[in-house]
Amino acid sequence: MRRELICTAPACPPPLRVREVGMPVPGRGDVLVRVSATSINPIDFKRAGGYGQRLLKLKGAGRFPLVLGNDFAGHVEALGADVTDFAVGQPVFGLVGTGKQGGAHASHLVVPQAQLLHAAPGAEAAALAVLPYSFTTMWLALRGAGLTPATAAGKRVLVHGAAGALGRLALATLSAWGHEITALCAIGTSDACRALGAQETVERSASAIGSLPAGFDAVLNFAHWDDDLALASRLNAHALGHATTVHPLLGNFDRLGWVRGALTSQRDFAAVRSAVRRNAPGARYAWTIFKPDREALEALAAGLGPNRLALPIGLRVPLEQADAAFAHATAGAPGRAVLLP
């Protein structure tokens, strides 16, 4: 039987329980994974409280009870037809998309082989399970801002929210590519950001963004939507782009409904895009939306060793203690919370 953690209704704290259901069967191109560890990301406790329901229902992912979670690590238990890159018993890690198939907080998952990576022998499952969702989201933001290894030479990047999970992964990735990084970070985190590759750090304050020069080739906002407009003013005339992962798209639809939510989102996007283009006419502006991406997963696998790609873990508990794990995540306690099915 498959054991899965379900959130039975939208609430904070979320009502959680473990239930048993039939074992899933892998289809063509799919792999059945026995999960050893799966993480709780900020989007999970937000969704547990009802965030994003209106839009996510279109993907079959907004109706309760919900199985939350996107990333995991474990071992291959069975193979569907035409799976050629994996074998039973191999250690693996990866992610599942947000959709009607349900999330990763379970003992077993059916995963398309394109969303799965080989794990190095002896690698800790929990350490791998906290990476795929955050790294993929960060990678999509880099792409949205026009940042690649080929654009690295001499380019200055401002990373807002540099001490958070996405920021840490961005610092490690961009520093390995040779970008010059300024980290806008929480108070007391400058040393950690420098250790991850930032050349300059500015700790958050009311005047922090305004104190920065308008000389950046790209901006990444992993922290606060309310700062997006001010951050756009820090781009130089030849900037590549600006991407944000903290846009109000889902929240606008939740609060305002379909028509007003769409109009407000269009207005919010256009306001910052206009500010970006006033400073840098050729720059792109992007709202990052998570989805599985093979290129991102391959970049994660390549960077695990040399690029110092890692996130701290603050709590490891079995599924039956998920209440404690969600409380840890909701409170913003240090380190990711990991469930051990």
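Trainee: In this predicted model, which residues does Met1 touch, leaving out those up to four places away in sequence?
Mentor: Met1 sits in the segment before β1, and with a relative accessible area of 57% it passes the 50% cut-off and counts as exposed. Even so, Met1 has contacts beyond its sequence neighbours, and these are with Glu20, Val21, Gly22, Met23, Ser107 and His108.

Trainee: How far is Met1 from Leu309, taken between C-alpha atoms?
Mentor: Along the chain, Met1 and Leu309 are 308 residues apart. In space, the separation between their C-alpha atoms is 34 Å.

Trainee: Which strand gives the most residues to the lining of the second largest pocket?
Mentor: The second largest pocket holds about 200 Å³ of space, and of the 20 residues that line it, those closest to its centre are Val67, Lys100, Gln101, Gly102 and Gly103. By class, the lining is made up of five nonpolar, nine polar and six charged residues. The element that gives the most to this lining, with three residues, is strand β1 (residues 2–7).

Trainee: What span should helix α4 have, and what is the distance between its end C-alpha atoms?
Mentor: Helix α4 covers residues 132–144, which is 13 residues, and the expected span rests on 1.5 Å a residue, counted for one less than the number of residues. That gives an expected span of 18 Å, and the model agrees, because the end C-alpha atoms of α4 are separated by 18 Å.

Trainee: How many of the 13 residues of α4 are buried?
Mentor: The buried residues of α4 include Pro132, Tyr133, Ser134 and Thr136, and further along Met138, Leu140, Ala141 and Gly144. The helix is largely enclosed by the rest of the structure, because the number of its 13 residues that are buried is twelve.

Trainee: How are the rings of Phe135 and Trp139 arranged, stacked or edge-to-face?
Mentor: A search of the whole structure finds seven aromatic pairs, and in the pair of Phe135 and Trp139 the ring centres are 6.0 Å apart. Both residues lie in helix α4, four residues apart, about one turn of the helix, and residues three or four places apart in an α-helix point the same way, because there are 3.6 residues a turn. Phe135 is buried at a relative accessible area of 1%, and Trp139 is buried at 12%. The planes of the two rings meet at 25°, which is under the 30 degree cut-off, so the pair is stacked.

Trainee: Which parts of the structure does the pair of Phe269 and Tyr285 tie together?
Mentor: The pair of Phe269 and Tyr285 is tilted, with 5.0 Å from centre to centre and 40° between the planes. Phe269 is partly exposed, with a relative accessible area of 22%, whereas Tyr285 is buried, with 9%. Because the two residues lie in elements of their own, the pair ties together parts that are 16 residues apart in sequence, namely helix α8 (residues 249–279) and strand β13 (residues 284–287).

Trainee: Which residues do ring pairs link into a cluster?
Mentor: Phe269 and Tyr285 form an aromatic pair, and both of them belong to the cluster. The residues that ring pairs link together there are Trp225, Phe269, Tyr285 and Trp287.

Trainee: What is omega for the peptide bond that joins Cys12 and Pro13?
Mentor: Most peptide bonds are trans. The bond from Phe64 to Pro65 is cis, with omega near 5°, and Pro65 has its place in the loop between α2 (53–56) and β4 (71–79). Pro13 is found in the loop between β1 and β2 (16–21), and the bond that joins Cys12 and Pro13 is cis as well, with omega of about 5°.

Trainee: What phi does Asp82 take?
Mentor: Most residues other than glycine have a negative phi. Gly146, just after α4, has a positive phi of about 85°. Asp82, in the loop between β4 and β5 (91–95), is not a glycine, and yet its phi is positive, at about 70°.

Trainee: How far apart in space are Phe222 and Val159, C-alpha to C-alpha?
Mentor: Phe222 is found in the loop between β11 (218–221) and α7 (228–232), and at 11% relative accessibility it counts as buried. Beyond its neighbours within four places in sequence, Phe222 is in contact with residues including Met138, Ala141, Val159 and His160. Although Phe222 and Val159 are 63 residues apart in sequence, their C-alpha atoms are separated by 7.5 Å.

Conventions:
Residues are numbered from 1 along each chain as its sequence is written. This is a predicted model: local features need pLDDT of at least 70, side-chain atom pairs count only at pLDDT 80 or more; totals for chains, interfaces and linings use all residues. Side-chain values use heavy atoms; hydrogens and water are left out. On a 1 Å grid over the protein atoms alone, a cavity is a set of points where a 1.4 Å probe fits but cannot get out, and a pocket is an open set with protein on both sides within 12 Å along at least five of seven lines; lining residues have an atom within 4 Å of a point. Grid points are joined across faces, edges and corners, and a volume is the space filled by probe spheres set on the points. Ala, Val, Leu, Ile, Met, Phe, Trp, Tyr, Cys and Pro count as nonpolar, Asp, Glu, Lys and Arg as charged, and the others, Gly among them, as polar. Buried means under 20% relative accessible area, exposed over 50%, partly exposed in between (1.4 Å probe, protein chains only). Contact means heavy atoms within 4.5 Å. Rings of Phe, Tyr and Trp (its six-membered ring) pair if their centres lie within 6.5 Å; planes under 30 degrees apart count as stacked, over 60 as edge-to-face and the rest as tilted.
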